[in-house]
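Work through the two exercises below on enclosed space in a protein model, following each solution step by step.

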Amino acid sequence: MVVNKPAIIIYVQKPDEDLLREVCAGIEEEGVLFQVQTHEGDLDALAYDAANESMLGAGIGMTGVRLAMQMQRLPRGKNVFELNAPAFWQCRNLGANSARAIKKMPFKSIYQTETIN
Amino acid sequence: MKLIAGVDIGNSTTEVCIGAVGENGYFRFLSSASRMTTGTKGTLPNVLGIKAALEEAMDRIHQPLSALDLVRLNEAAPVIGDTAMETITETIITESSMIGHNPSTPAGAGEAVGELLFLENIWKGKPGVPYIVAAASKFSYEEVAARLNQHIPELDVRGLILQADEAVLVENRLSKKMPIVDEVRHISRVPEGKLAAIEVALPGTSIRMLSNPYGIATLLGLNAEETKSVTPIAKSLVGKRSAVVIRTPHGNIRENILPAGEIVFHGEKEANVNIDAGADKIMETLASAGEIRDIDGERDTNVGNMLRRIKTSMADVAKEHEGDSEIRITDILAVDTLAPVEIAGSLAGETCMEKAVGIAAMVKTQHLPMQKIAERLEQELHVKAVVAGVEAVMASLGAMTTPGTKLPLAILDMGGGSTDAAVLQPDGSVKTTHQAGAGELVSMLIQTELGLHSRTTAEQIKKYPMGKVESLFHMRLENGSMQFFEESIDPRYYGHVVLLAPGEMLKVEEDIPMEKILEVRRDAKRKVFVRNALRALEIVAPDHDLRKIPNVVLVGGSAEDFEIPEMLMEVLADYRIVCGRGNIRGVEGPRNAVATGLLLSYLG
């Protein structure tokens, strides 16, 4: 029997390793576990499946330099956040937000530059 | 049949009401509307708002403005309210010597003491000396961890201060456990080489050592004199999750008591009171001075400047009325409050709750130039406009249309700028009073106590109940109940406190717990309205005995509030007074009392 750890699932297809590392750092800083696995499907499917597979209820999909964050029970394709070829800080905050979704904390800003110091 | 309009210009809103009068005295209310008052009450710019409100009301009955036969303006009470706030203490740090804030994710726990050392200079460190390392955000978490791990075998590194939000990331890669404070914005201001104490609280608790003067003394080895001087630091660190205190021998931290000054009441008796004494004492002194002619502040002090500012901003009204250049403040309402003020010289944007006094003042002019407004209105609309009726009498007449009332009837008109009370006796005599302090003072208190950036947010907090978005499908309302949604909530609202305005949700940008907002909101309303209601009713009550008033009708904008009427009802119930929100003509709610009274008085 496969037992899932309480972790955020990240389903990837040929991910950009640098961006992925930032996403993971964002989750780690918030103190939440994560798992990275390869998975089949388009970006929406990756994020949707990841969120539903995660027992914490949050998941991230990534193909190349495109990223999407999803939460359980949201319909497929209705991603909470989507990024295309983002900057490092955006990835960091996307990761942090997937963790904050679980912690029920307000999201960090992803699209504006004002929050980075 | 004639169409008649009643117009009431208030401090914040202008209300109109339209009625039709037949030949045989037959009378019917047709429509009403309200708009923001344009300009200061009683000045010519008001005409703009009046026209807009009239247009809206006439539009509802599909008539052009020109169909009006008569416009009746109220003889507005010649009082205008204004508010001001001034802090009376301030904390100044002349040399950066502390960090105390709530980063969302510090790492490690416990306290440590050591000499401050920047990461780039770590090679200069000497073995055997305890260090606290500070790293700027130009170093990535991996670099910070790698460099430290490399030096940890020979150097005694006790703690870490980071500029970036990476405490947990660094901790997970370090070979030694230590407290780590992150998100320190101005890390370059950290004085290298000085002795520092660092503390990170266990999850769910706040710091214990650095928020205690003796704790600081223990860690940094201070003598009694020095311990006394760090007390303001300890005070400002209470409740923080992480903190750093740096020992700077010549650093100077002090809590200044600003020269707040005295308020001078020129009344039946001259009386003065220091603003430091607090709101209760100020109000007591005010009451003891009897009827007030003017109120002044000591020159070149905070309160002096504050009262002068209020007078200056009122000067434009006086100018419109020749021969009355002197502005006199005839009433104030003082309220104690706390304001979070950013500490001068802070490293991470720390704030300190400073004592402050909020004051609403009321300016009495001899007479407002209402006649001029009426003339201008007549020119622009080509409709006859007259000034008719005193505001308080009109409001009482309007309030009488509330079902279930009888004479003698007291009204409490709670507007934006002032709280007015009147008692209408069965013989038609009316006794009135105007008190400073109403809705705008409440907004100001909410804004300062919560440290909000915009007054608009404060006003929205005052007006609407709130909830916290706990998931994308539900929110917890302020009364504890849950509301569920079929469609998912916009993720921008997630985890935030939102205000439930009709038809939309407004996000509170600041990260303040809902409980705190609730407490501040209720407290502000109570401080202003309960005190003012009792003060005003006592003046107008027969023999100044509240028990001789059988019923009180609440009217005005603030009576529409979702909790103020209940608060007053609770307090006034002790005096066996029937008190409740008015319902003008059985349909209008607490609004439109004066405008309605103006129409009724036309009928005689």
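Helices (H or I, at least four residues) and strands (E, at least two) are DSSP runs, numbered from the N terminus. The model is predicted, so that local features need pLDDT of at least 70 and side-chain atom pairs count only at pLDDT 80 or more, while totals for chains, interfaces and linings use all residues. Residues are numbered from 1 along each chain as its sequence is written, chains are lettered from A in the order in which they are written, and side-chain values use heavy atoms, with hydrogens and water left out.

**Exercise 1.** Determine the volume of the largest cavity and describe its lining.

Solution. A cavity is a set of points on a 1 Å grid over the protein atoms alone where a 1.4 Å probe fits but cannot get out, and lining residues have an atom within 4 Å of a point. The largest cavity has a volume of about 50 Å³. Among the 10 residues that line it, the closest to its centre are B:Glu391, B:Ala392, B:Asp413, B:Asp420 and B:His434. Helix 10 (391-399), strand 21 (409-414) and strand 22 (418-424) of chain B each contribute at least two lining residues.

**Exercise 2.** Locate B:Gln163 and identify a polar partner of its side chain.

Solution. B:Gln163 sits in the loop between strand 10 (156-162) and helix 3 (167-173) of chain B, and is one of the residues lining the second largest cavity, whose volume is about 40 Å³. A polar atom of the B:Gln163 side chain lies 2.9 Å from the backbone nitrogen of B:Ser137, which also belongs to that lining.

Terms used:
On a 1 Å grid over the protein atoms alone, a cavity is a set of points where a 1.4 Å probe fits but cannot get out, and a pocket is an open set with protein on both sides within 12 Å along at least five of seven lines; lining residues have an atom within 4 Å of a point. Grid points are joined across faces, edges and corners, and a volume is the space filled by probe spheres set on the points. Ala, Val, Leu, Ile, Met, Phe, Trp, Tyr, Cys and Pro count as nonpolar, Asp, Glu, Lys and Arg as charged, and the others, Gly among them, as polar. A polar contact is a pair of N or O atoms within 3.5 Å; within protein, one must be able to donate a hydrogen and the other to accept it, and residues adjacent in sequence count only if both atoms are side-chain atoms.
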